[in-house]
Amino acid sequence: MRVPNSVVLPVGTHVDCCQEQEVAEKTHDIMARITAMLAERKSNLAHFINNLEGSEEPKFYVDQWERLKEMESCKLTILNLVAVNCTDHRDIRELEATILKHVRNEELFPEVVRVLPPVYRQVEAAIADIAGSEEVADHGMMDLQYLLSKLSQHENLASLSRELLQDILRYLHRIGLVVWYEEIKHLESTVFLQPTFLITMFKLLVRHQLVQQLESIS
């Protein structure tokens, strides 16, 4: 809701646990709830803005007013919910195809046709090679400065600067090739070359009834 021109694709899982009629009803209910939530948010923002504009000393609330106006200008596009059975590979492939279809829609993503500098592709390919090499541990965690030194060993990347690498990492983070939490102080110098490792870790640490499972251990 705070990202300008953001696009959200709701995905409903566990279709295999529902009857066909239930899936249709739940899909309709979820989309209706989302629509109601967005309408309530829009109404609340308008209410807060009107209150600030109608206050006796509006100049004292300029910062708040600007933040609210900025939030009000964030347009959120909600796509039709996709219901999937995660145990069926055909459903996973259909979900992938649906995502790709939307991402390639220039009306939804105007920047999809943007041409990247060649160095972006060169760094992307080099990182893929490094991540797949035997010298990199399965977790794929690598110090940012060490990654820069490894990339600089490639013929076309000898002059790669840290600033340019950081710009490229932001792009690679957005497309999901790597994970780099630059906004977290303790992680800003660490690049995760294997995002799937983080998923595996989260699945081990954050799961259904984890507290009960831990409490059951003597």
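A residue is termed exposed when its relative accessible area is over 50%, buried when that area is under 20%, and partly exposed in between. Arg-33, with a relative accessible area of 57%, is therefore exposed. The model described here is predicted. This briefing covers a pocket, a nonpolar surface patch, the salt bridges and one long-range pair of residues.

**Second largest pocket**

- The second largest pocket holds about 240 Å³ of space.
- Its lining consists of Thr-35, Leu-38, Ala-39, Arg-41, Lys-42, Leu-45, Glu-72, Cys-74, Lys-75 and Leu-76.
- Helix H1, which spans residues 20–53, supplies six residues, the largest share of this lining.
- By residue class, the lining of the second largest pocket comprises five nonpolar, one polar and four charged residues.

**Nonpolar surface patch**

- Ile-99, Val-103, Phe-109, Val-112 and Val-113 together make a nonpolar surface patch of about 360 Å².
- One of these residues, Val-112, is located in the loop between helix H3 (89–103) and helix H4 (118–132).
- Val-112 counts as partly exposed because its relative accessibility is 36%.

**Salt bridges within helices**

- Seven salt bridges are found in a search of the whole structure.
- Side chains of opposite charge can pair when their charged atoms come close.
- Asp-29 and Arg-33 form one salt bridge, in which the closest N and O atoms are 2.8 Å apart.
- Both Asp-29 and Arg-33 belong to helix H1, where they are four residues apart, about one turn of the helix.
- The two partners fall into separate accessibility classes: Asp-29 is partly exposed at 36% relative accessibility, whereas Arg-33 is exposed at 57%.
- Glu-124 and Arg-121 form another salt bridge, with 3.1 Å between the closest N and O atoms.
- Because Glu-124 and Arg-121 are three residues apart in helix H4, about one helical turn separates them.
- Glu-124 is buried, since its relative accessible area is 19%, while Arg-121 counts as exposed at 51% relative accessibility.
- The 19% of Glu-124 falls under the 20% limit for a buried residue, and the 51% of Arg-121 is over the 50% limit for an exposed one.

**Salt bridge between helix H6 and a loop**

- Arg-170 forms a salt bridge with Glu-182, and the closest N and O atoms of this pair are 2.8 Å apart.
- Arg-170 lies in helix H6 (residues 162–175) and Glu-182 in the loop between H6 and strand S6 (190–192), so this salt bridge ties together parts that are 12 residues apart in sequence.
- Asp-167, Arg-170 and Glu-182 are joined into one network by salt bridges that share partners.
- Arg-170 counts as partly exposed because its relative accessibility is 29%.
- Glu-182 is likewise partly exposed, with a relative accessible area of 30%.

**Ala-158 and a distant residue**

- Ala-158 is placed in the loop between helix H5 (144–151) and H6.
- With a relative accessible area of 56%, Ala-158 is exposed.
- Ala-158 and Ile-92 are 66 residues apart in sequence, and their C-alpha atoms are 41 Å apart in space.

Notes. Residues numbered from 1 in each chain as written. Predicted model: local features only at pLDDT ≥ 70, side-chain atom pairs only at ≥ 80, totals over all residues. Heavy atoms only, no water. 1 Å grid on protein atoms, 1.4 Å probe; cavity = no way out; pocket = protein on both sides within 12 Å on 5 of 7 lines; lining within 4 Å. Points joined across faces, edges and corners; volume = space filled by probe spheres on them. Helix = DSSP H or I, 4+ residues; strand = E, 2+ residues; numbered from the N terminus. Nonpolar A, V, L, I, M, F, W, Y, C, P; charged D, E, K, R; others polar. Patch = residues over 30% accessible without salt bridge, like charges linked within 9 Å, V, L, I, M, F, W, Y side chains within 5 Å. Areas by Shrake-Rupley, 256 points an atom, 1.4 Å probe, with all protein chains shown as cover. Salt bridge = Lys/Arg side-chain N within 4 Å of Asp/Glu carboxyl O. Buried < 20%, exposed > 50% of the residue type's maximum accessible area, 1.4 Å probe, protein only.
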